[in-house]
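Please read the points below with the structure open beside you. They go through selected places one at a time, then turn to the whole chain.

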Amino acid sequence: MTTPLSFGDAPRREQVYLVAAGVVALALPLLLTGPWAEARLVDMTPPDWFTCLVLIAMSALNVEIGRVLVGGLSVAQQPHKALSAWAFACAMVLPTAWLLVVVPLTYAHARWRGLRVPLWKWVGSAGFLVLAGCAASLVPRWVLGGLPNWMAGDGGQGLATLVLAALVFLVVEHLLFAGSAWLNHAEDEQWLRAQLTSPGYHVGEAGVVFTGGLMAAVWTAGPWFVLLFGPLYALMQRAVLVEPLRENAAMAAELVETNRQLEAVSEFKSDLMGMLAHEVGNPLASVSGYAEIATDALEEGDLDEALPAVRVVRRNADQIGGVLRDIVSLVEANPGGLTARPEPTALLPHLRAAAAAQPAAAQPDVHCPEGLVALIQPGHLDQVLANLLGNATKYAGGATRVVATPDGERQVVIAVQDDGPGIPEDFRDQVFRRRTRHPDTADAVSGRGLGLHISRALALANGGDLRLSDSPSGSCFELVLQAPGD
């Protein structure tokens, strides 16, 4: 079942529950404020609006500290829990109507700064905190008759008031959240249900609520002492969050790297399996079939029939050998980078041999000065040429010419040119990517999308490069090699 993300996707019972809670949360603070306007909870020296601004500022500070320490509110939800502290503090020092200002603004700031929760759940959570604050505000009024200063005398009565009010706040808050968790879809509230059954969640929530109560007590005794509360709170948050988050971040980074390596290994295995299944399996089946034909013909003494079959076997064996060289190169290149031992290599014999290995109708003209030498491992040169000429045969009916020329004093360029349809413009920047083939030819031409990728890796390993050059017709690949020094 897809997790509901909108209010309309919630069950009807959940919708009714949240609407009722919202209506009561809007009405109850105003009702409690009216009759009690003359009998204030505490005799505040600063005006109410200033106290309200301080609470909002403390909430904003809490969110910003969380963003810095956590690395963004979308990474973790710790800053969300501390919003309860400022709702409780507001209920302890201000008429309850101010809850309708403090709570929405603290939630709006957290949402603006990146804490991602569906908006309808934000509204529901804010309503629950307003109701919990209203319930907590009744404790000092009805039970203890209110206090002019929460820290008056030895502070015992104020402490008892705050503890009892905090417990009421926590009980009402948890009951309201539990109602939403059990009325909504279980899949949508999986995280909240797990939190409500976790002792650690309740301990943490109690801690942040008592933090708000402590600030309320200090504010009633001497508002300017709260200026020290900000730095102390920041240090406390750092002590509580930084080390566990650093350890979690290190573990998460290690897990991400492990997953990346596993994905690379899985993709690499897929490459090898595809090469073995298709590029080795097909010619191997042909080898087996023609070997049987050749065996039967030889037993009957029919050399005219045996000879073509043996030639097919040899051609397919050579093809299997080329595929195995691709696999070896891929295995070498994948874990730690392809290695090469370049040496001064005469180019003309290798170019002629590569051209002669192509079918008779697809053998290109070779143009190379006698004695032209480049730095490359000879086997790597043969493999790159085989891949380039093989591609030209498959896609363009064969290369038309292979031209090797010195490029200044430091480089040699070997160009493989064909007169085929060329590389589509939208595919030119992808032609050397691993396992990438153009959709127009992927089904019509057999291949695995590895030849050019491996060829360029071989060129780079030898200190050169393989590039796709502009050509008026067909395609032209240029193998750039280093020229040997004096």
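1. E305 counts as partly exposed because its relative accessible area is 42%. The word has fixed limits: buried means under 20% relative accessible area, exposed means over 50%, and partly exposed lies in between (1.4 Å probe, protein chains only). E305 belongs to helix α11, residues 303-336. Helices here are DSSP runs of H or I with at least four residues, strands are runs of E with at least two, and both are numbered from the N terminus.

2. A note on the source: this is a predicted model, in which local features need pLDDT of at least 70 and side-chain atom pairs count only at pLDDT 80 or more, while totals for chains, interfaces and linings use all residues. Residues are numbered from 1 along each chain as its sequence is written, and side-chain values use heavy atoms, with hydrogens and water left out.

3. Which residues gather with E305 in a patch of negative charge on the surface? They are E292, D296, E299 and E300. Helix α10, residues 229-299, supplies the largest share of this negative patch, namely three residues. Patches are made of residues with over 30% relative accessible area and no salt bridge; like charges are joined within 9 Å, and nonpolar side chains (Val, Leu, Ile, Met, Phe, Trp, Tyr) within 5 Å. Asp and Glu count as negative, Lys and Arg as positive, and His and the chain ends are not counted. The place of a charge is taken as CG of Asp, CD of Glu, NZ of Lys or CZ of Arg.

4. There is also a nonpolar patch on the surface, formed by L159, V163, L167 and F210, with about 330 Å² of accessible area together. Such areas come from the Shrake-Rupley method with a 1.4 Å probe, and for residues only the protein chains shown count as cover. Helix α7 gives the most to the nonpolar patch, with three residues. L159 is in α7, and it counts as exposed because its relative accessibility is 54%.

5. S180 also lies in helix α7, which spans residues 156-183. Is S180 buried or exposed? It is buried, since its relative accessible area is 6%. Leaving aside residues up to four places away in sequence, S180 touches E14, Y17, L18, F128 and E189. Contact means heavy atoms within 4.5 Å.

6. Helix α4 covers residues 83-93, and 11 of its 11 residues are buried, so the helix is largely enclosed by the rest of the structure. Among the buried residues of α4 are W86, F88, C90 and M92.

7. How many salt bridges does a search of the whole structure find? It finds three. A salt bridge is a side-chain nitrogen of Lys or Arg within 4 Å of a carboxyl oxygen of Asp or Glu. Side chains of opposite charge can pair when their charged atoms come close.

8. One salt bridge joins the side chains of D470 and R428, at 3.1 Å from N to O. This pair links distant parts of the chain, 42 residues apart: D470 is in the loop between β6 (465-469) and β7 (476-482), and R428 is in the loop between β5 and α14. D470 is exposed at 67% relative accessibility, whereas R428 is partly exposed at 23%.

9. Another salt bridge joins R456 and D465, with an N to O distance of 3.1 Å. R456 is partly exposed at 30%, and D465 is partly exposed at 24%.

10. The side chains of E478 and R467 also meet in a salt bridge, at 2.8 Å from N to O. E478 lies in strand β7 and R467 in strand β6, so the pair ties together parts that are 11 residues apart in sequence. E478 counts as buried, at 15% relative accessibility, while R467 is partly exposed at 37%.

11. P421 is in the loop between β5 (411-418) and α14 (439-442). It is exposed because its relative accessible area is 74%. Its C-alpha atom is separated by 6.8 Å from that of A396, although the two residues are 25 apart along the chain.

12. For the whole protein, the secondary structure comes to 15 helices and seven strands. Of its 486 residues, 44% count as buried. The protein exposes about 25100 Å², and carbon and sulfur atoms supply 61% of this. Among contacts between residues at least 6 apart in sequence, 73% join residues at least 24 apart.
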